[in-house]
Every structure is written in C-alpha cells, then in structure tokens.
Amino acid sequence: MILERYPGAKPVAGGRLHVDYRYGNKDICVLLGNDIIRRAALETYFQSSAYEREGRGVVIVCTQSQAQLYGRKYPKAEL
C-alpha cells in the first residue's frame, strides 16, 4: 500500500518512533490503530526544534475515519 502510493519510499528501521518510511523529504508514519506511543512521538517531534531545523514534512497514513481526528491533532502533517 505505501509503496504503491509513494514509489521509492524506503523503510526506516530504528531511529525515530514516528517514522516508518522516508520518501524524498518526507517522513511517513503509519497510524492504523490507537498507538499512544506513536502519537506521543509525533507530538514531541512537531514541538521539537528538530522539526523546524530539518524541514522534513510528515505524512500520516491512517484510516478515513481517523483522518479528521489526526488532521485536527497534527495540523502540520499531511494526511
């Protein structure tokens, strides 16, 4: 699914908790459940200086029913 939508995306092992794949200058985070640790990592990243310094965009992959919630909670992310 990810590679169909983002061809060439590279899986990320280890490192930051909010990143599953890298695609160009974007981090892709798959949130298909109520993953509290992942959500906390996203909030921390958006509030950190790393987000501003690195200038990497974040794409959240989620279900359609979650999109409205995550859109409000993470307005800096692309859904």
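How many aromatic pairs does the structure hold? The solution to Exercise 1 begins with that number.

The model is predicted; local features need pLDDT of at least 70, side-chain atom pairs count only at pLDDT 80 or more, and totals for chains, interfaces and linings use all residues. Residues are numbered from 1 along each chain as its sequence is written, and side-chain values use heavy atoms, with hydrogens and water left out.

**Exercise 1. Describe the aromatic pairs of Y45.**

Step 1. The structure holds six aromatic pairs. Rings of Phe, Tyr and Trp (its six-membered ring) pair if their centres lie within 6.5 Å; planes under 30 degrees apart count as stacked, over 60 as edge-to-face and the rest as tilted.

Step 2. With F46, Y45 forms a tilted pair, 6.0 Å centre to centre and 50° between the planes.

Step 3. With Y51, Y45 forms an edge-to-face pair, at 5.6 Å centre to centre and 85° between the planes.

Step 4. Buried means under 20% relative accessible area, exposed over 50%, and partly exposed in between (1.4 Å probe, protein chains only). Y45 has a relative accessible area of 4%, so Y45 is buried. Y51 is buried as well, because its value is 15%.

Step 5. Ring pairs link Y45, F46, Y51, Y70 and Y74 into a cluster.

**Exercise 2. Locate the largest nonpolar core and the elements that supply it.**

Step 1. A nonpolar core is a set of buried Ala, Val, Leu, Ile, Met, Phe, Trp, Tyr and Cys residues joined through side-chain atoms within 4.5 Å. In the largest one there are 13 residues, and L42, F46, V58, I60 and Y74 have the most contacts inside it.

Step 2. At least two residues each come from α2 (36-47), α3 (49-54) and β4 (57-61). Helices (H or I, at least four residues) and strands (E, at least two) are DSSP runs, numbered from the N terminus.

Step 3. The largest share, three residues, is from α2.

Step 4. Another core, of six residues, lies apart from it and includes I2, A9, I28 and V61.

Step 5. Beyond four places in sequence, Y74 touches R39, L42, E43, F46 and I60. Contact means heavy atoms within 4.5 Å.

**Exercise 3. Is D27 buried or exposed, and which side chain does D27 join in a polar contact?**

Step 1. D27 is in strand β3 (residues 26-30).

Step 2. D27 counts as buried because its relative accessibility is 0%.

Step 3. Outside four places in sequence, the contacts of D27 include H18, Y45, R56 and V58.

Step 4. The side chains of D27 and R22 are joined by a polar contact of 2.4 Å. A polar contact is a pair of N or O atoms within 3.5 Å; within protein, one must be able to donate a hydrogen and the other to accept it, and residues adjacent in sequence count only if both atoms are side-chain atoms.
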